[in-house]
Amino acid sequence: MLQLDKARAEDRRKLEALLWENGMGYADPIEDFMLARQGDDIVGCGRIEDYPDVVMVRPLVVAESFRRRGIGRLLLERILPAGKPAVIVARGESVSFYSAFGFTFADWQTIPIHQAHECTTCPDRAECCPQPMVYSL
Ligand SMILES: CC(C)(COP(=O)(O)OP(=O)(O)OC[C@H]1O[C@@H](n2cnc3c(N)ncnc32)[C@H](O)[C@@H]1OP(=O)(O)O)[C@@H](O)C(=O)NCCC(=O)NCCS
């Protein structure tokens, strides 16, 4: 059965493996990650960064063999706070997911500067096709 709860110290190795498999990095503290668990496995994770005017989703990942079962949507519903817009820099391939959730295209100016800078200087930019998106409740 699928279960959503906060990551704990002992989840670190599996969480890092999931992130690494998807080209994403880990960031402390581990409790900031919401996990989707299936038995002993971690099959998804989501985290937000809180800024004065927005929250940024960074990252949201579902293990490849568990995609298209609604887990990404469940994680996003759990981590997004009410009352603040959320932004994301979606990889091109995940734009359909965020659009289906209700995100719309946005300007790079809406994205916290360190994330925008990371994308500008990223060697994988052309392949990734990063797309700023915003969601307001
Ligand atoms: C993006 C991601 C988190 C989506 O997770 P998921 O669990 O597969 O998404 P869900 O099953 O909740 O999808 C909900 C809806 O989004 C849309 N959607 C999701 N993936 C889609 C895809 N690849 N193509 C088109 N629509 C898609 C569909 O409308 C879907 O509903 P449906 O399956 O009933 O048609 C997952 O694909 C992933 O981890 N990708 C790699 C990492 C990544 O790019 N993360 C985003 C950070 S930029």
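Me: What makes a residue part of the group that surrounds the ligand, and which are the closest?
Reply: A residue is near a molecule if its C-beta atom, placed from the backbone, lies within 6 Å of it. Here 19 residues surround the ligand, and the closest are Arg67, Gly72, Arg73, Ser96 and Ala100. Keep in mind that this is a predicted model, where local features need pLDDT of at least 70, side-chain atom pairs count only at pLDDT 80 or more, and totals for chains, interfaces and linings use all residues. Residues are numbered from 1 along each chain as its sequence is written.

Me: Which element gives the most to this shell?
Reply: That is S4, with four residues. S4 (55-62) is a strand, a DSSP E run of at least two residues, while H2 (71-79) is a helix, an H or I run of at least four, both numbered from the N terminus.

Me: Why are Ile71, Gly72, Leu75 and Leu76 called buried?
Reply: Buried means that 20 or more other C-beta atoms lie within 10 Å of a residue's own, with C-beta atoms placed from the backbone; exposed means 12 or fewer, and partly exposed is in between. These four residues of H2 meet the buried cut-off.

Me: What puts them on the same side of H2?
Reply: They cover an arc of only 135 degrees around the axis, counting directions from the helix axis to the C-beta atoms, which puts them on the same side. The face turned away from the buried side carries the exposed Glu77 and Arg78.

Me: How do you know that S6 and S7 pair?
Reply: Pairing needs at least two bridges found by DSSP. Two bridges join S6 to S7, and the strands run antiparallel, so they pair by that rule.
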